[in-house]
Amino acid sequence: MVNYRKLNQALRESCREASEQFYASICHIQESQTRKLFQIVKDNYRTDFGKRREFAKIKSVEDFRSVVPVTTYEDYEDYVAQIADGKENVLTREQVLMLEPTSGSTSPSKFIPYTSSLKKEFQQGIFPWLYDILANRPNVAAGSFYWSVTPATHKQEKTSGGIPIGFGDDGAYFTREQQGLISQLSAIPFDVAQIQDIGEFRRQTLAHLTANKDLSFISVWNPTFLSLLLRPVDKPAEVWPNLSLISTWADGNAAHYVKDIERLFPNVKIQPKGLIATEGFVSFPLVGYDASALSVNSHFFEFRNLENKNDVRLAHELKKGREYEVVLTTSGGFYRYNLEDVVRVVGFKEQCPLIRFVGRNNNVSDLFGEKLNEYHVSRAIGETLKRNSLTPSFFMIAPEKAGEVPSYVIFIESAKQFDANSVVEDLDLRLQDNYHYKYCRKLGQLERPRVFLIDRNPERNASDIYLEESQTRGKKIGNVKPAVLGSQFGWSEKFRGRYLT
């Protein structure tokens, strides 16, 4: 019989040092962050990027900020191409272990260079988070866990220069000792991740889960992924009576969809994940707090004011109640990189900011110069739904050519009847807070929004269709983030339903 408590205790102890480092750092956050920056600069001043930006002359945080502007992925495309061709010493002195693909805002895919040091920076967030859970939620340590894996769907590839593309699995973030412990704690064998057929992947995953009655912890990214996986299970709360904690996205657009998980497991604690991007590890939740702590030992962090792009603050300069874009400098070779993820500061633990993810500022739909971004659209539709007393099971806005002039369509799956014209009027008014959208409406380039009511189908609902379609467009099904703004046409052909306006 598996001794889960003993295994979880060993896993917790393997994370202790990183946890202690975190708590030491949050009492001296300015010094900790400055030390982190100087280490990254020192390690990489002889790289192509470091020479170009004269890293050798940097003596202060101000020096660094004066020679390196805030950047986006487009500033690194040529460097990444050189890395892919096999060139070394481009962005980092360290060897690039692999390139991790992720979706881009202006290109179909981005490829993020991963080094050993960048992996360790992720560990500086993962390990304190795990330690906190295992130390403060004893019921979690009593059983096995399901740590979501993403099906392979295709064999791992390499670039022309021999650089692997993508992690083999999420276990690569852990040490060998931890991987050995996790393999015994996991309710799902690691080799399930190698199944390329999605249907077979789901069947085997569910078969292993239902056979394991000791499940105490579930960690997934997308809450709709878990809802879809567990749909064939009757009364899941009774199948896993010892389930104590579910970790999943629950902020931003995901907040709406996590309600399905709460209905499935009414007595299980839902812990919202922190902000984690492919490029870097930003924050992690702590037991007893309703926001995530900045992972101060992971990277060097800056925060850009949304209203004044020239106002870029350090971690110790943040103000409670304000919203900022997150800017990272990492050991993977991205310097002052704007994630374009927006966070709100809700408080502090010692000197450490406690933050919540609000939305993305880089998911943009721009047909005629209207430049609608997800951050603004998410707020607009949230206020519209609230005003019309609507809590749909799915909603999304995307452009469609339903008439002679394109318009933005609200795709809604809802059992409740509603006044579609009222929804359209409210949404159009709020979208016109965006000057460019308002101008396109005045010029007649865009019609007012329309409503498309999605037929309800308990066997295959709108979230299922969205996940499956996202996969066909090259995204990992387990990592697909709930989106409120789609920038591509054609969703009216994917969903079954009808226009109400």
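**Figure 1. Glu-74, Asp-75, Glu-77 and Asp-78 together make a negative patch on the surface of this predicted model.** Asp and Glu count as negative here and Lys and Arg as positive, while His and the chain ends are not counted. A patch takes in residues with over 30% relative accessible area and no salt bridge, joining like charges within 9 Å and nonpolar side chains (Val, Leu, Ile, Met, Phe, Trp, Tyr) within 5 Å. The place of each charge is taken as NZ of Lys, CZ of Arg, CG of Asp or CD of Glu. One member, Asp-78, belongs to helix α6, residues 77-84. Helices (H or I, at least four residues) and strands (E, at least two) are DSSP runs numbered from the N terminus. Asp-78 is exposed, at 60% relative accessibility; the word exposed stands for over 50%, buried for under 20%, and partly exposed for what lies in between (1.4 Å probe, protein chains only).

A note on reading all the views: the model is predicted, so local features need pLDDT of at least 70 and side-chain atom pairs count only at pLDDT 80 or more, whereas totals for chains, interfaces and linings use all residues. Residues are numbered from 1 along each chain as its sequence is written, and side-chain values use heavy atoms, with hydrogens and water left out.

**Figure 2. Tyr-435, Tyr-439 and Leu-443 form a nonpolar surface patch.** Together these residues offer about 370 Å² of accessible area, a value from the Shrake-Rupley method with a 1.4 Å probe, in which only the protein chains shown count as cover for residues. Leu-443 sits in helix α15, which spans 435-443.

**Figure 3. Glu-447 and Ser-407 touch each other.** Glu-447 lies in the loop that runs from α15 to β20 (450-454), and Ser-407 is part of strand β19, residues 407-413. Setting aside residues up to four places away in sequence, Glu-447 touches Val-405, Pro-406, Ser-407, Tyr-437 and Arg-441; a contact means heavy atoms within 4.5 Å. Ser-407 has its own set of partners beyond four places in sequence, namely Ala-398, Pro-399, Glu-400, Leu-446, Glu-447, Arg-448 and Arg-450. Glu-447 is partly exposed, with a relative accessible area of 42%, whereas Ser-407 is buried at 2%. If you zoom out, you can also look for Ala-237: its C-alpha atom is separated from that of Glu-447 by 47 Å, with the two positions 210 residues apart along the chain.

**Figure 4. Arg-336 has a positive phi, near 50°, though it is not a glycine.** Most residues other than glycine have a negative phi. Arg-336 is in the loop between β13 (323-329) and β14 (337-349), and it is buried, with a relative accessible area of 5%. Glu-350 also carries a positive phi, about 55°, without being a glycine. Its place is the loop between β14 and β15 (352-360), where Glu-350 is exposed at 58% relative accessibility.

**Figure 5. Lys-87 and Asp-48 are joined by a salt bridge, with their closest N and O atoms 3.0 Å apart.** A salt bridge here is a side-chain nitrogen of Lys or Arg within 4 Å of a carboxyl oxygen of Asp or Glu. The pair links distant parts of the chain, 39 residues apart: Lys-87 is in the loop between α6 and β1 (98-103), and Asp-48 is in helix α4, residues 48-52. Lys-87 is partly exposed at 42% relative accessibility, and Asp-48 is partly exposed at 27%.

**Figure 6. Arg-231 and Asp-464 meet in a salt bridge of 2.3 Å, N to O.** These partners are 233 residues apart, with Arg-231 in the loop between α10 (223-230) and α11 (236-239) and Asp-464 in helix α16, residues 462-472. Arg-231 is partly exposed, at 30% relative accessible area, while Asp-464 is buried at 2%.

**Figure 7. Asp-290 pairs with Arg-356 in a salt bridge, the closest N and O atoms being 3.2 Å apart.** Asp-290 is in the loop between β9 (283-285) and β10 (292-294), and Arg-356 is in strand β15, 66 residues apart. Asp-290 is exposed, with 61% relative accessible area; Arg-356 is partly exposed, with 26%.

**Figure 8. Arg-12, Glu-13, Arg-16 and Glu-20 are connected by a network of salt bridges.** Across the whole structure, a search finds 24 salt bridges.
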